[in-house]
There are 2 protein chains.
Amino acid sequence: MTIKAKLLPALGMSSVLAAGLAIADDGLENYRQRFEALPHLPPIPADNSLTDEKIELGNMLFFEPRISSSGVISCATCHNPALGWADRIPRAVGHDGQVGERNTPTVLNSGFLESQFWDGREPDLEGQALGPIQAPVEMAMDLEMALERLVGFELYQTKFSEAFPDQEDPINEYNLAQALAAFQRTLNTPNSPFDRYLHGDLDAISQQAKDGMVAFAENGCIACHRGANFTDSQFHAIQVPGSTDMGRYVVTQQEGDMYRFRTPTLRNVAVTYPYMNNGATETLEEAVAIMGKEMLGREFDDATISDITAFLHTLTGEMPDFEVPALP
Amino acid sequence: MTIKAKLLPALGMSSVLAAGLAIADDGLENYRQRFEALPHLPPIPADNSLTDEKIELGNMLFFEPRISSSGVISCATCHNPALGWADRIPRAVGHDGQVGERNTPTVLNSGFLESQFWDGREPDLEGQALGPIQAPVEMAMDLEMALERLVGFELYQTKFSEAFPDQEDPINEYNLAQALAAFQRTLNTPNSPFDRYLHGDLDAISQQAKDGMVAFAENGCIACHRGANFTDSQFHAIQVPGSTDMGRYVVTQQEGDMYRFRTPTLRNVAVTYPYMNNGATETLEEAVAIMGKEMLGREFDDATISDITAFLHTLTGEMPDFEVPALP
């Protein structure tokens with residue numbers, strides 16, 4: 001007992017709490033239990049093991065503009081690491097300056113999503129990866145031509161061979177998708193203030209943020225924004241101001257899917273403005289008010305909006321390591 | 001003497017040579033003396049001291065797409081650090097997919113140039129910085145609007161105040177140019193194999209590259225591609241295949257300046273293809289042949305072309321440190 005008492009201060013309060021030896025509490029444990037901290041990695045699919053070689057190749061491809069028809073648009077153009085891995089404009093601008101229909105989702109923590117795109121039309125990052133390359137309003141590239149361009153570079157021949165050993169022609173669309181997906185699974189943001197709070201560092205977030213957490217739970221935001229990535233992976237109908245987007249209906253042609261969109265993550269939401277499927281909303285306060293009204297039928301008062309906004313700010317995690325690659 | 005003899009191997013051959021104690025030579029000292037190693041920094045103008053605060057701000061602004069009218073084009077779009085700080089396409093693609101008239105010059109070592117742009121229309125990087133922001137085929141942005149956007153971000157207010165202290169309204173076009181120029185003056189590539197060779201490491205480049213250095217000097221390439229940055233900063237008339245660009249004539253309206261372009265740097269030329277003012281030439285071999293014919297009136301044989309190409313490959317230096325900034 002004497003030894004333990006001596007050791008405790010040296011370990012530090014948060015380490016002790018993280019180890020489960022709660023010796024103090026802020027009375028909110030019941031709320032904390034309703035949330036999940038973000039793991040360092042999302043689930044890795046059995047058919048796309050996460051190897052260093054694939055990650056390195058995927059990193060190159062993510063920054064590679066020559067797989068666009070103009071030669072200047074890469075994944076990183078809209079998923080810009082300087083801008084929360086999104087673009088901070090209402091709707092994506094792509095090939096020849098065309099404006100797409102939807103707001104660019106961040107790729108941060110996208111490996112945790114159970115479906116990809118606002119309308120969930122692809123089940124995973126492998127399925128997602130080839131979409132924007134070919135979309136006429138994004139990179140507008142013929143996939144065969146993209147692969148031909150890659151084949152033209154010796155360095156890509158080497159890197160694909162290293163990432164996909166023992167394959168005769170490793171530069172193909174399947175492997176292109178595998179490598180991009182592997183890289184994106186490394187773009188995670190653990191250790192946000194809220195994660196540290198969940199892990200037991202009770203001072204990691206402010207009292208106002210704690211009040212916001214309570215309001216977030218009590219008002220039912222958590223019903224859809226739940227789990228480690230703050231999304232239920234379900235599709236919910238919403239028509240935000242200015243949007244005529246039919247959402248998941250475009251995918252399923254089912255009447256019941258009209259105007260439904262997959263619940264977006266709230267991780268890093270403070271650095272991934274503007275909001276909503278059409279990016280029509282610039283501030284978190286406004287977004288919280290709209291969601292309260294449209295999804296929960298509630299008029300949040302200003303204090304509640306401020307509290308929830310303070311809470312949402314605690315969801316900004318550590319930005320991932322990556323390299324601006326030296327392309328061939 | 002005994003002590004000295006013992007110390008020499010420990011110091012290493014190249015250190016000894018770098019210290020000026022030449023104890024071996026490859027017989028090419030007369031050629032080496034005609035070249036200059038690249039300093040770590042270019043001349044810093046008296047009215048734009050190189051401070052950490054300006055460099056940091058300039059780094060942010062360089063990656064800032066919201067000073068373009070589309071909101072997605074930054075300096076780094078065409079001066080892409082993944083692509084030798086240029087774009088590796090023949091002619092720049094800018095606003096709404098418009099294709100410009102000229103090949104994007106690298107910003108690497110651009111602080112060493114005595115004038116900016118292919119036609120030398122600006123004397124320095126400060127003058128250069130605001131051009132592409134406003135050019136209708138590049139970022140197509142009204143400068144006042146760009147400044148207004150920056151004013152809208154608290155972080156830019158802070159960073160401009162730190163970079164330009166004691167100024168009442170530091171977010172103005174003059175300071176925008178100062179910060180961008182300051183950052184660009186840090187984008188240098190010293191310690192290329194050829195620089196190490198000039199510094200006395202006689203094994204830093206191959207025998208073929210040395211033969212190429214000799215051919216480069218003997219054939220007169222060095223007349224224009226001279227000095228630390230391999231350019232005389234003068235304007236020379238050339239019409240490469242496919243080009244109708246009138247070059248410096250556009251600036252001066254002087255008949256004698258028709259088709260004249262400022263000699264481009266050859267530093268990092270192996271990673272800044274394609275070549276010529278219109279980017280019509282993809283390979284170094286072809287570029288060397290064209291320059292021999294057009295500028296020197298010589299038909300280089302294949303061996304000479306190979307040698308000069310090997311030499312040019314030794315001009316690729318260490319790529320500069322920079323950060324992908326976290327933008328507001």
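**Exposure, salt bridges and symmetry in a predicted model**

Reader: Where in chain A does A:Glu148 lie?

Author: A:Glu148 is part of helix H7, which covers residues 143-151 of chain A. The model is a predicted one.

Reader: Why does A:Glu148 count as exposed?

Author: The term exposed requires over 50% relative accessible area. A:Glu148 has 56% relative accessibility, so the residue counts as exposed.

Reader: Which residues gather with A:Glu148 in a patch of negative charge?

Author: On the surface, A:Glu148 is joined by A:Asp142, A:Glu144 and A:Glu173.

Reader: Why does A:Met246 count as partly exposed?

Author: Partly exposed runs between the 20% limit for buried and the 50% limit for exposed. With 33% relative accessibility, A:Met246 therefore falls in that class. A:Met246 sits in the loop between strand S1 (235-237) and helix H13 (249-252) of chain A. Together with A:Val250 and A:Val251, A:Met246 makes a nonpolar surface patch of about 210 Å².

Reader: What makes the contact of B:Lys159 and B:Glu56 a salt bridge?

Author: A salt bridge needs a side-chain nitrogen of Lys or Arg within 4 Å of a carboxyl oxygen of Asp or Glu. The N to O distance between B:Lys159 and B:Glu56 is 2.8 Å, so the pair qualifies. B:Lys159 belongs to helix H8 (residues 154-163) and B:Glu56 to helix H4 (residues 52-62) of chain B, 103 residues apart.

Reader: Are B:Lys159 and B:Glu56 buried or exposed?

Author: B:Lys159 is buried, because its relative accessibility is 16% and the limit is under 20%. B:Glu56, at 39%, is partly exposed.

Reader: How do you know that B:Asp245 and B:Arg102 tie together parts that are apart in sequence?

Author: First, the two form a salt bridge, their closest N and O atoms being 2.6 Å apart. B:Asp245 is in the loop between strand S1 (235-237) and helix H13 (249-252), and B:Arg102 is in the loop between helix H5 (75-78) and helix H6 (125-134), so the pair joins parts of chain B that are 143 residues apart in sequence. Both B:Asp245 and B:Arg102 are buried.

Reader: How many salt bridges does the rule give over all chains?

Author: The count is 24. One network of salt bridges links A:Asp25, A:Asp26, A:Arg32 and A:Lys210.

Reader: Why are the two copies said to be related as by a two-fold rotation axis?

Author: Chain B is superposed on chain A by a rotation of 180° with 0.0 Å of shift along the axis, at an RMSD of 0.0 Å. The two copies are therefore related as by a two-fold rotation axis. Within chain B, B:Asp96 comes closest to the rotation axis, its C-alpha being at 2.1 Å.

Definitions and conventions. Residues are numbered from 1 along each chain as its sequence is written. Chains are lettered from A and ligands numbered from 1 in the order in which they are written. This is a predicted model: local features need pLDDT of at least 70, side-chain atom pairs count only at pLDDT 80 or more; totals for chains, interfaces and linings use all residues. Side-chain values use heavy atoms; hydrogens and water are left out. Patches are made of residues with over 30% relative accessible area and no salt bridge: like charges are joined within 9 Å, nonpolar side chains (Val, Leu, Ile, Met, Phe, Trp, Tyr) within 5 Å. Accessible areas come from the Shrake-Rupley method with a 1.4 Å probe; for residues, only the protein chains shown count as cover. Lys and Arg count as positive and Asp and Glu as negative; His and the chain ends are not counted. The place of a charge is taken as NZ of Lys, CZ of Arg, CG of Asp or CD of Glu. Helices (H or I, at least four residues) and strands (E, at least two) are DSSP runs, numbered from the N terminus. Buried means under 20% relative accessible area, exposed over 50%, partly exposed in between (1.4 Å probe, protein chains only). Copies are superposed by least squares on the C-alpha atoms of residues with pLDDT of at least 70 in both.
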